[in-house]
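Please open the model in a viewer and keep the selection panel at hand. The tour below proceeds from one selection to the next.

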Amino acid sequence: MTTRSTRSPRRRTVVALAVVLAVLVVFVVRLVDIQVVNAREHVDDSLAMGIGASTTLYGTRGSIVDTNGQTLAGSILQYDAELDPSNVGPITRTDATGAKVEVDWPTLAAEIGAITGQTPEDVQKIVADALAVNPDSQYAELTKGLSTEKYRALADLGIPYLYMKQHPARTYPDGAVAGNLVGFVGSGGDPLEGLESSQNQCLTSTNGERIYQRGKDGVVIPGTEQITPAVDGGTLSLTIDRDLQWYLQQLIAEQTQNQSAQHGQIMVVEAKTGKIKAAAEYPTVDPNNVSATPEADRSSRIFRGEFEPGSTFKALTAATAIDTGAATPTSTVTASGRETFPNGARVTDAISHGPTNYTLAGVLIDSSNVGISKFAEKVPVETRYDYLQRFGIGQVSGVGFPGEADGELRPVSDWDDQTFYNTSFGQGVATTLPQLMGAYQAIANDGVKVPLSLVQSCTHADGTVETPDAGASTQVVSASTAQQVREMLENVAVQGGNARAIAINGYRLGIKTGTGEISENGAYKNGVYFTTMIGMAPIDDPQYIVAVTLDQPTAVRSSAANAAAFQQAMTQVLKTYRVMPSDSQPVLLPKTG
């Protein structure tokens with residue numbers, strides 16, 4: 001039997017438990033509301049008040065690869081180390097015997113410095129300076145740009161207030177190989193030069209962000225994390241062949257120095273596609289160490305430089321004369337080594353000679369300025385100008401290299417009496433190497449000019465592939481005209497003064513040389529020239545065009561300075577692409593009538 005005296009304390013206990021239970025229920029409901037139902041709202045509020053922390057999630061800048069997928073520019077992970085000064089102090093570790101030992105802060109600072117390359121005093125000062133500014137400071141930058149190896153070494157120290165942020169950094173595995181084309185980025189990752197700059201839309205990445213809250217001990221509070229993922233850049237695929245580019249860079253460096261020239265270039269184009277397989281030059285830049293290269297050598301003279309092409313233009317003048325019906329390879333003119341024309345213009349050949357009854361082929365073989373001038377007279381000046389434009393002279397190539405020069409082809413209305421003749425043999429006009437290569441590509445390709453290309457595609461992070469629009473091909477001259485010009489170029493290779501130096505056993509070649517004058521302060525320099533040798537092989541079915549240029553060679557001052565480099569470059573190209581030797585013999589054309 002329960003008495004009144006026993007029921008009263010029990011009732012109070014039940015009531016008290018009910019009250020406690022009700023309070024707990026309220027707390028649980030509120031906790032669920034805060035941590036589950038409205039968790040995001042409360043996190044957002046705290047982050048907006050500046051209570052939270054954030055970390056940038058870096059996207060990876062896209063790679064630049066050659067035509068075979070070999071990396072020319074890529075990204076690696078580097079790490080920035082930072083400390084939480086408010087938590088700096090001794091830590092407890094387990095030694096080799098399993099015992100717990102305390103390690104003080106000066107000892108830890110020395111361990112950190114041994115990895116980062118800082119002194120123990122430097123590390124301690126970073127923390128002390130941060131605390132002097134803010135006694136509750138939770139951030140102090142230790143060092144930036146650590147390798148993965150150093151990151152792992154620091155992580156192995158097990159220091160809870162030492163943090164690492166990873167981010168991508170640019171690297172160029174083959175150094176200066178194609179450095180003139182690829183370009184480089186700045187210390188902050190901004191593209192500064194070359195394809196890194198012009199193709200930035202393909203390569204650039206979009207950073208993401210990780211937002212969170214963490215407690216006093218640095219541990220991230222569960223449920224507070226928000227992540228916006230990063231988007232990586234695309235892969236830029238070039239037409240360049242890395243191995244060929246490397247070889248030709250070594251070759252042009254050697255030949256430029258051997259000839260004591262200011263600089264030199266070698267360019268290779270696939271005849272039927274217009275793809276640039278190599279664009280080597282010296283001096284050039286190593287994008288891994290830009291500051292070691294003078295500013296003038298940090299880009300590409302191939303695309304930004306222009307020059308008077310000299311006698312390489314005679315092939316274009318000959319093509320124009322043949323295509324308009326004004327001449328054939330065996331048509332003749334009488335030309336002396338120096339003549340004054342009816343309009344008062346004076347033209348001189350490199351070698352003095354008396355009146356010679358030259359064929360058009362002979363004019364190219366002996367590179368007679370007077371002879372080609374007389375053939376040029378047979379074509380209306382407006383027609384000659386129109387053909388030069390169709391060959392691409394005075395126009396950017398469309399390759400898309402930043403800052404590409406457009407040369408200079410003045411309108412006919414600006415030609416004086418001397419310019420009328422000079423333009424027929426490559427003076428009074430300025431071109432770029434890609435323009436000249438494009439013109440010879442048309443001759444090699446049965447008169448069809450295919451736009452040159454340097455970029456094959458951009459493969460975006462989502463897998464979509466974007467290919468650039470190179471533009472339409474143009475029939476510059478007829479296939480018959482192109483064949484006849486090729487036959488004359490072969491006769492230059494066989495009968496010309498460089499025949500022995502440029503011969504490649506088993507292959508039929510066609511070449512033309514040019515010795516262009518160099519303008520400075522409104523006048524031509526005396527005794528120094530810009531020399532060019534350009535040619536194609538095999539001439540019976542051209543596969544590749546190769547050009548070698550030298551700026552002011554002084555060991556040999558004529559285009560003969562380019563012969564050794566041209567022969568070696570063309571040999572390597574034919575070997576690289578396994579081009580079969582010719583199975584026919586040259587058709588010899590008469591020099592004189």
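Begin by selecting C202 and C458 and displaying their side chains: in this predicted model, a disulfide joins the two residues, with an S to S distance of 2.0 Å. The structure holds one disulfide. Viewed along the S-S bond, the torsion is about 95 degrees, so the disulfide of C202 and C458 is right-handed.

Next, extend the selection to the elements on either side of the bond. C202 belongs to helix α8 (residues 200–203), while C458 belongs to strand β20 (residues 455–459), so the disulfide ties together parts that are 256 residues apart in sequence.

Are these two cysteines buried or exposed? With the threshold for burial set at under 20% relative accessible area, C202 counts as buried at 7%, and C458 is likewise buried at 5%.

Now leave the disulfide and turn to the internal space. The count comes to one cavity of 30 Å³ or more, and the largest cavity has a volume of about 60 Å³. To display its lining, select L316, T317, T320, R384, L388, W415, T423 and S424.

Which elements give two or more residues to this lining? They are α11 (314–323) and α14 (381–390). Colour α11 separately, as the largest share of the lining, three residues, comes from this helix.

Finally, colour the lining residues by chemical class: three are nonpolar, four are polar and one is charged.

Methods
Residues are numbered from 1 along each chain as its sequence is written. This is a predicted model: local features need pLDDT of at least 70, side-chain atom pairs count only at pLDDT 80 or more; totals for chains, interfaces and linings use all residues. Side-chain values use heavy atoms; hydrogens and water are left out. A disulfide is a pair of cysteine sulfur atoms within 2.5 Å. Helices (H or I, at least four residues) and strands (E, at least two) are DSSP runs, numbered from the N terminus. Buried means under 20% relative accessible area, exposed over 50%, partly exposed in between (1.4 Å probe, protein chains only). On a 1 Å grid over the protein atoms alone, a cavity is a set of points where a 1.4 Å probe fits but cannot get out, and a pocket is an open set with protein on both sides within 12 Å along at least five of seven lines; lining residues have an atom within 4 Å of a point. Grid points are joined across faces, edges and corners, and a volume is the space filled by probe spheres set on the points. Ala, Val, Leu, Ile, Met, Phe, Trp, Tyr, Cys and Pro count as nonpolar, Asp, Glu, Lys and Arg as charged, and the others, Gly among them, as polar.
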